[in-house]
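Thank you for sending this model; my comments follow as numbered points, and they are best read with the coordinates open beside them.

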Amino acid sequence: MWRFSARSVIRKAKVLRGLPAVNAFKFRSNGSCGSVSGTKWVIPSGFDTGLKAFNSLTKQKEPLVLAREGVATWYSCGPTVYDQAHLGHACSYVRFDIVQRILSRLFGITVIHAMVITDIDDKIIKRSLEENVSTTIISTMYEDEFKRDMLSLKVIPPVVYLRVTENVHHIVAFIERIIQNGHAYATKEGDVYFDIQSIGDRYGKTRNTMPSSATKRDPRDFALWKHANPQEPYWDSPWGRGRPGWHIECSTIASSVFGSQLDIHSGGIDLAFPHHENEIAQSEAYHQCGQWANYFLHSGHLHLKGSPEKMSKSLKNYVTIQDFLQSYSANEFRMFCLLSKYRSGINYSDSSISEARTSLGTISTFIHDAQAYMKGQLQCSPVQEALLWERLTETKSSVMKALADDFDTPRAMSALMNLIYHANCQLHPVSECDGAARSPAVFAAMVSYIRDVLDVFGINLMHSKSDAVSPQGSLEGVVEQLTRFRTEVRAFALARQDCLTAGSLNKPGLNPERIPLLKACDTLRNNLAPLGVLIKDRGANSTWEITQRGQGVQDKDQETSS
């Protein structure tokens, strides 16, 4: 696996961008805490990673500059746990998991990721009343399901999960400071609102509309604290019994972990307004600073094909993660995410997920064929080795450039698939070896590189093979023994006789009594393919691989024995 020091990564990334290779350069910024004058985004103080990221605060790509060399502080909005997680959630979490893996595995940046679990909310309260159970039971049950779903999708857990209910005392103190700083007010009903007018024109970095209310001074003001209604959970506060507003939880908890400065804040694009807009306002009001979070990264919506609406629980147009994984694998969903930019909207359909499955199958088949060539099981025409080494070098450069440019995974995958195409063009099977020189090293290098890139993205084809058909670890050994037995039977059946009557058989030289054995070998091969065991006959030899069920089809170079 690739291991780079932070400074060497910076030099590599800058060279790829056509910049001079220099040591990390420290930027200066006038947006640090202690100043409340910042209305425009300013480049942070810190160290240039050599990467660019699309910043929702500026609506364009910006140099990714971190406060500390080789370290990124990252806060993300977690789920509101009142129901099962669906593919819309999965799309955002998997996409940002891929981004974090790219930062840490490829560019050597330690990502310190914290996530909040919203375990008290209007929707949770409504669900608890409907089912006549406590909000704690509802939130705990769906929090556990969410975490299991994320593990099933191979999402690396954050360094720490934090719950709203365990931080209410911090939230109350956070609100008190905002009031003291002159940016919030309490009502006689026991609510506390953020005072938008107190920050002038600094509100509206993402959008600028809010519903009105009779108790607000300004229609844009939003709740920091809500008074408790009958039958609702509550906590004591200086303003009476109540509970936190939605947005204040993230500002408080992110500040409790990272202080007054945050490198990256992420979430779905639907959270940009009002959630993240309000986070910015109250956090900068609390810390008295001009720029609290330096980068906001937003993932695009997931849509069901043909629907303009995003996938959501409220619209009842969702597919749960658990239901999805009954038919498809985590690897396939990751490939589905990789084939579009993390911040783009994406359509979910049978055809789009089939495209991801096909891409994985193409990669898996190439790796299998390359290994067969390296083992001498696949005889080929002489390989243009110098051309393949050149293609591999070009691919490495293209992948690095793509991922340094706002984590452009579709462009990186295109470069990878192009490498596989050119490699496959060199794997021309021949029935007999003429003793020409072979080139296994270049194929070994390509297979190793492709596996490394997929590992960065969280895809492990070696594990998915056995998981696709059976969880039993002994399956591969069974298939290996079965294939060896079948190969010996085929070799016996294919043994030619010297004295046969010309024209008496379809295949001169074969023993007619052994032809049924060849047919039986073909039948076994064909019957195993729909079960996910793909056997390929390469002359007298046979190779095998375990694929997704239904993927095992006879490929173009597959021989028919009988």
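1. I begin with helix 15 (residues 475-494) and helix 16 (residues 515-528), which in this predicted model pack at an angle of about 150°, with their axes 9 Å apart. Since angles over 145 degrees count as roughly antiparallel, helix 15 is therefore roughly antiparallel to helix 16. The crossing in which helix 15 passes helix 16 is left-handed. On the side of helix 15 the contact is made by Leu482, Arg486, Val489, Arg490, Phe492, Ala493 and Leu494, and on the side of helix 16 by Leu517, Leu518, Cys521, Asp522, Leu524, Arg525 and Leu528. Sorted by class, the contact between helix 15 and helix 16 comprises ten nonpolar and four charged residues, with no polar ones.

2. The loop between these two helices deserves a separate look. Arg496 is placed in the loop between helix 15 and helix 16, and with a relative accessibility of 61% Arg496 counts as exposed. The C-alpha atom of Arg496 is separated by 6.5 Å from that of Asn511, although the two residues are 15 residues apart along the chain.

3. Which side chains make polar contacts with the side chain of Asp537? One is Arg486, whose side chain is joined to that of Asp537 by a polar contact of 2.7 Å, and another is Ser542, where the side-chain contact with Asp537 is also given as 2.7 Å. Asp537 has its place in strand 15 (residues 533-538), and at 1% relative accessibility Asp537 counts as buried. Arg486 also belongs to the set of helix 15 residues that meet helix 16, and the polar contact to Asp537 can be examined together with that packing.

4. Ser542, the partner of Asp537 just mentioned, lies in strand 16 (residues 541-546). Is Ser542 buried or exposed? Its relative accessible area is 9%, and because buried means under 20%, Ser542 is classed as buried. Leaving aside residues up to four places away in sequence, Ser542 touches Thr483, Arg486, Thr487, Arg490, Ile535, Lys536 and Asp537. Two of these names, Arg486 and Arg490, also appear among the helix 15 residues in contact with helix 16.

5. A further helix pair can be set beside the one in point 1. Helix 2 (residues 87-106) and helix 9 (residues 330-338) pack at an angle of about 75°, with their axes 10 Å apart, so that helix 2 is roughly perpendicular to helix 9. Leu87, Ala90, Cys91, Val94, Arg95, Asp97, Ile98 and Arg101 in helix 2 meet Phe333, Arg334, Cys337 and Leu338 in helix 9. The contact of helix 2 with helix 9 has, by class, eight nonpolar and four charged residues and no polar ones.

6. Several backbone values should be inspected individually. The peptide bond leading from Phe273 to Pro274 is cis, with omega near 5°, and Pro274 lies in helix 7 (residues 272-287). Lys154, which is not a glycine, has a positive phi near 65°; Lys154 lies in the loop between helix 4 (135-152) and strand 6 (160-163), and its relative accessibility of 28% makes Lys154 partly exposed.

7. Where does Asp406, another residue with positive phi, sit? Asp406 is found in the loop between helix 11 (385-404) and helix 12 (409-426), with a phi of about 60° although Asp406 is not a glycine. At 5% relative accessibility Asp406 counts as buried, whereas Lys154 counts as partly exposed.

8. Another loop position worth marking is Lys375, which is found between helix 10 (350-374) and helix 11 and which, at 62% relative accessibility, counts as exposed. Lys375 and Pro440 are 65 residues apart in sequence, and their C-alpha atoms are 8.3 Å apart in space.

9. Finally, some totals for the protein. There are 16 helices and 16 strands, and buried residues make up 52% of the 562 residues. Among contacts with a separation of 6 or more, 72% are accounted for by residues 24 or more positions apart.

Note on methods:
Residues numbered from 1 in each chain as written. Predicted model: local features only at pLDDT ≥ 70, side-chain atom pairs only at ≥ 80, totals over all residues. Heavy atoms only, no water. Helix = DSSP H or I, 4+ residues; strand = E, 2+ residues; numbered from the N terminus. Buried < 20%, exposed > 50% of the residue type's maximum accessible area, 1.4 Å probe, protein only. Contact = heavy atoms within 4.5 Å. Axes fitted to C-alpha atoms, helices over the stretch in contact; angles between N-to-C directions. Parallel < 35°, antiparallel > 145°, perpendicular 65-115°, else oblique. Nonpolar A, V, L, I, M, F, W, Y, C, P; charged D, E, K, R; others polar. Left-handed = near helix turned anticlockwise from the far one by under 90°. Polar contact = N/O pair within 3.5 Å; in protein donor to acceptor, adjacent residues only side chain to side chain.
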